[in-house]
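Ready to practise reading a structure? Work through the short exercises below, and try each one before looking at its solution.

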Amino acid sequence: MRCLCVLMALLAACGGGSGGSSSSIVVAKGTRILVVHVQPPQDDNYDAAIAKARLFGTESVPFFATWKSLETAPGVYDGSLLTTLNAYYPAKALKNSITIAPINKNVVEVPTDLVGVAWDNATMIARFNALQDFIFAQIPAVTLTAYCIG
């Protein structure tokens with residue numbers, strides 16, 4: 001919740017005006033979507049944290065997973081987080097941005113049997129494509145605002 005409060009303070013501090021002028025320029029929302037990472041709060045009431053995020057206009061919540069957390073062995077997938085994602089956020093009328101990371105910062109996060117395999121290797125590509133198929137099969141109710149690899 002602290003992160004949410006800090007974000008709200010930053011948003012307020014960055015409001016309108018130009019060059020120190022006291023006048024404000026309001027820009028229409030257009031097609032922009034506010035994506036906010038909502039951390040589990042100290043009291044573990046995630047529903048309340050989501051409700052507060054919605055109060056200031058949050059429309060989308062990001063989801064991050066490493067490749068190896070989703071494919072635990074060759075062709076063996078753990079879809080538990082994706083199942084939760086598919087059930088929870090659409091029920092709250094929230095969209096999601098999803099990041100799937102084969103590399104997380106500077107750490108390779110591929111299944112163990114693919115460590116050391118070249119990124120352009122046919123097996124690496126086929127397995128990553130199969131992972132994408134698995135992911136999309138698990139999230140039919142999710143509305144995506146972005147799908148990121150990296």
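The exercises that follow look at salt bridges in this predicted model.

**Exercise 1.** Find where the two partners of the salt bridge between Lys-29 and Glu-59 sit in the chain.

*Solution.* Start with the contact: N and O of the two side chains are 3.3 Å apart, and the cut-off for a salt bridge is 4 Å. Next, place the residues: Lys-29 belongs to the loop between α1 and α2, while Glu-59 belongs to the loop between α2 and β1. The pair is 30 residues apart and links distant parts of the chain.

**Exercise 2.** Decide whether Asp-47 and Lys-92 are buried, partly exposed or exposed.

*Solution.* First, the pair: Asp-47 and Lys-92 form a salt bridge, with 3.7 Å between their closest N and O atoms. Asp-47 is in helix α2 and Lys-92 is in the loop between α4 and β4, so the bridge ties together parts 45 residues apart in sequence. Now the accessibility: Asp-47 has a relative accessible area of 39% and is partly exposed. Lys-92, at 32%, is partly exposed too.

**Exercise 3.** Work out which partner of the Asp-113 and Arg-127 salt bridge is buried.

*Solution.* Here the closest N and O atoms are 2.7 Å apart. Asp-113 lies in the loop between β6 and α5, and Arg-127 in helix α5. Buried means under 20% relative accessible area. Arg-127, at 13%, is therefore buried, whereas Asp-113, at 39%, is partly exposed. To finish, add Glu-71: together with Asp-113 and Arg-127, Glu-71 is part of a network of salt bridges.

Terms used
Residues numbered from 1 in each chain as written. Predicted model: local features only at pLDDT ≥ 70, side-chain atom pairs only at ≥ 80, totals over all residues. Heavy atoms only, no water. Helix = DSSP H or I, 4+ residues; strand = E, 2+ residues; numbered from the N terminus. Buried < 20%, exposed > 50% of the residue type's maximum accessible area, 1.4 Å probe, protein only.
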